[in-house]
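Open the structure in your viewer and keep the selection tool at hand. The tour below goes stop by stop.

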Amino acid sequence: MFSRTGAIVTLTRRDVENIAHLARLEISEAELPVYVQSLSAILAFVEQLAAAPTEGIEPMAHPLEGQVQRLREDQVTESDHRDRYQANAPAVEAGLYLVPRVIE
Amino acid sequence: MNPHHATAAELGRGLKSRQYSSVEVARWFLDRIHETHGALNAFVTVTAERALADARRADAMIARGEGGPLTGVPVAHKDIFCTDGILTSCGSRMLANFIAPYDATVVERLTAAGMVLLGKTNMDEFAMGSSNETSHYGPVRNPWDGSKVPGGSSGGSAAAVAARLAPVATGTDTGGSIRQPAALTGLTGLKPTYGRVSRYGMVAFASSLDQAGVLAQSAEDAALVLGAMAGFDPRDSTSVDAPVPDYAAALGRPVKGLRIGIIREFFGEGLDAGTGAAVHAALDGFRAMGAELVDVSLPNLPLSVPTYYVVAPAECSSNLSRYDGVRFGHRCRDPRDLMDLYRRTRGEGFGAEVKRRIMTGTYVLSAGYYDAYYLKAQKVRSLINDDFRRAFSQVDVLMGPTTPTPAFDLGAKTGDPITMYLNDIYTIGANLAGLPAISAPCGLVDGLPVGLQIIGPHFSEERLLGAAHAWQRDTDWHRRLPPLYA
């Protein structure tokens, strides 16, 4: 999409359309140039990280050191809230979520 | 007396001694919200019936001699916390029809403490913003000056407490979203240690950074509310299983002998002169109380904003993939197929800034760019974390300004995301390292509040609250009200 050798990062319309597709976002024709400009500016801004010396540095994914994911017994602890939760669904029938036909 | 002149702690004492009933207090605040709502836009939902029901229950508890220091005291929740049976919009069109089917742990615990729910406060959409201008429900105005922003993303909570439409409110802080609006509206805002307060039922933005906290009138109020909401929750896998100290009891801790590190990087270019002067005056105040001031450098801290704008969008793009128009939330009309359903639902449901962050995150996580952006940012996050660790081997707390400037004009930064992002330059570091931090009012510049930030090591909330309380015993900045809302 672009080279990381220089400080100037420029995305094309095509790049942004591709990112929007990956993110499952419909972007209108009018919005597209705004995102081309602002996403390019953001990538140029975060580019300053490239200069930080991180040889041999461990990546930090989580702020509390040594915290491990807890495991629990594989037991049923919840009661059935299906009807309650489906009250928020846009389309349900017989307890099932409805979506457009996937297989013709 | 007027209930809106009382802190939450004072209201609790007044209720206990039967100076007024919880129903009277709730009515007072509901009337105040009703009168001022149009001007500030601080609330998305006002829960008047629920408030009166909660208040009647609290009055009954108090009559039986039950309850604690917050029983019967009203509270407003940021609209990011799920509230059973009540709209929980997260400031987004995507959730503008979402009636939460359960309570967040924060809500559940404060309800159990006897607090009275006044309503849900406006916020930047999905907590992404520093000015409360990205909300689907429109911007919130700063009670100190209606042409200024209240800060964000907890801008509705900040404006509500600053104008005393609620004595105290909850907030969340992913990159400064409690401390920055607290600073810009003259409040005491506490972001606890990552994992201290449960995230269960709190709409997720960036899960390695998000933390719930409180926007209050004083360190004492923050201590009481934090004590009621903190603690282990098996329903949040990152909740820390550690006992909750009596924060209110820690307020009397002396400042004498406290070693305060002054963060050199926070006083450079970009800091407004008036803000800097107010913060320096506060630091002199701490020295006068017997604290020792030490110059400290955290050389990687200036990289915290670019680090955050890789890490947070990456986590947001993943978290927000759940909004698919199938199980809850907005769905587009007449989708042609599943892809059309996803794309239009998300294109319509999310606002411009949320879409921008989802796309930034999608990009930095995409094949071929992951190492260069996401992994690199995680490594720089380690460097920033190491800077803090080194600093805390020399000092007890770190201090500096909360924000570079006082509140700015509505619309001033909406056209340029980078300028908006840089507003959180002093607050993001604590989120990256998971540290607790508090902002306390320390002055007025041209009639607008300025905040002093105090950052501590993990689980040092008692120390932060003690320092802020000592400062508030010596000063009255936290008791100043916006002239229009006095």
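Start with Y97(A), which is partly exposed, with a relative accessible area of 32%. The model is predicted. Y97(A) sits in strand β2 of chain A, residues 96–97. Now add Y85(A) and V92(A) to the selection: with Y97(A) they make a nonpolar patch on the surface. Together the three have about 230 Å² of accessible area.

**Helix α1 of chain A**

Select residues 13–22 of chain A, which are helix α1. Which of its residues are buried? Pick out D15(A), V16(A), I19(A) and A20(A). Look down the axis: these residues cover an arc of only 135°, so they lie on the same side of α1(A). The general rule is that an α-helix has 3.6 residues a turn, so residues three or four places apart point the same way.

What do the buried residues of α1(A) pack against? Show α2 of chain A (32–46) and α11 of chain B (352–365). Both chains take part in this packing. Before leaving, step to R24(A), just after α1(A). R24(A) has a positive phi of about 55°.

**Helix α1 of chain B**

Switch to chain B and select residues 8–16, its helix α1. The buried residues here are A8(B), A9(B), L11(B), G12(B), G14(B) and L15(B). Then bring up the elements that cover them. Among them are helices α2 (22–40), α3 (48–63) and α7 (219–229) of chain B, along with strand β2 (74–78). Just after α1(B), check R18(B): its phi is positive, about 60°.

**The loop between β3 and α5 of chain B**

Next, go to the loop that runs between β3 (116–121) and α5 (155–162) of chain B. Several stops lie here.

Begin with F126(B), which is in this loop. F126(B) is not a glycine, yet its phi is positive, about 50°. Is F126(B) buried or exposed? At 1% relative accessibility, F126(B) counts as buried.

Move on to K148(B), in the loop between β3 and α5. K148(B) has a relative accessible area of 17%; the cut-off for buried is under 20%, so K148(B) is buried. Which side chain does K148(B) meet in a polar contact? Select D409(B): the two side chains are joined at 2.8 Å. Beyond four places in sequence, K148(B) also touches R141(B), N142(B), A407(B), F408(B), L410(B) and L448(B).

V149(B) is in the loop between β3 and α5 too. V149(B) is buried, with a relative accessible area of 0%. Draw a distance from its C-alpha atom to that of E133(B): the viewer should give 7.9 Å, although the two residues are 16 apart along the chain. Contacts of V149(B) include S131(B), E133(B), N142(B) and L184(B). V149(B) also touches A407(B), F408(B), D409(B) and L410(B).

End this loop at the peptide bond from G152(B) to S153(B). The bond is cis, with omega near 10°. S153(B) lies in the loop between β3 and α5.

**Last stop: F459(B)**

Where is F459(B)? Look in the loop between β11 (448–455) and α15 (461–474) of chain B. F459(B) has a positive phi of about 60° although it is not a glycine. At 32% relative accessibility, F459(B) counts as partly exposed.

Definitions and conventions
Residues are numbered from 1 along each chain as its sequence is written. Chains are lettered from A and ligands numbered from 1 in the order in which they are written. This is a predicted model: local features need pLDDT of at least 70, side-chain atom pairs count only at pLDDT 80 or more; totals for chains, interfaces and linings use all residues. Side-chain values use heavy atoms; hydrogens and water are left out. Patches are made of residues with over 30% relative accessible area and no salt bridge: like charges are joined within 9 Å, nonpolar side chains (Val, Leu, Ile, Met, Phe, Trp, Tyr) within 5 Å. Accessible areas come from the Shrake-Rupley method with a 1.4 Å probe; for residues, only the protein chains shown count as cover. A salt bridge is a side-chain nitrogen of Lys or Arg within 4 Å of a carboxyl oxygen of Asp or Glu. Helices (H or I, at least four residues) and strands (E, at least two) are DSSP runs, numbered from the N terminus. Buried means under 20% relative accessible area, exposed over 50%, partly exposed in between (1.4 Å probe, protein chains only). The arc is that of the directions from the helix axis to the C-beta atoms. Contact means heavy atoms within 4.5 Å. A polar contact is a pair of N or O atoms within 3.5 Å; within protein, one must be able to donate a hydrogen and the other to accept it, and residues adjacent in sequence count only if both atoms are side-chain atoms.
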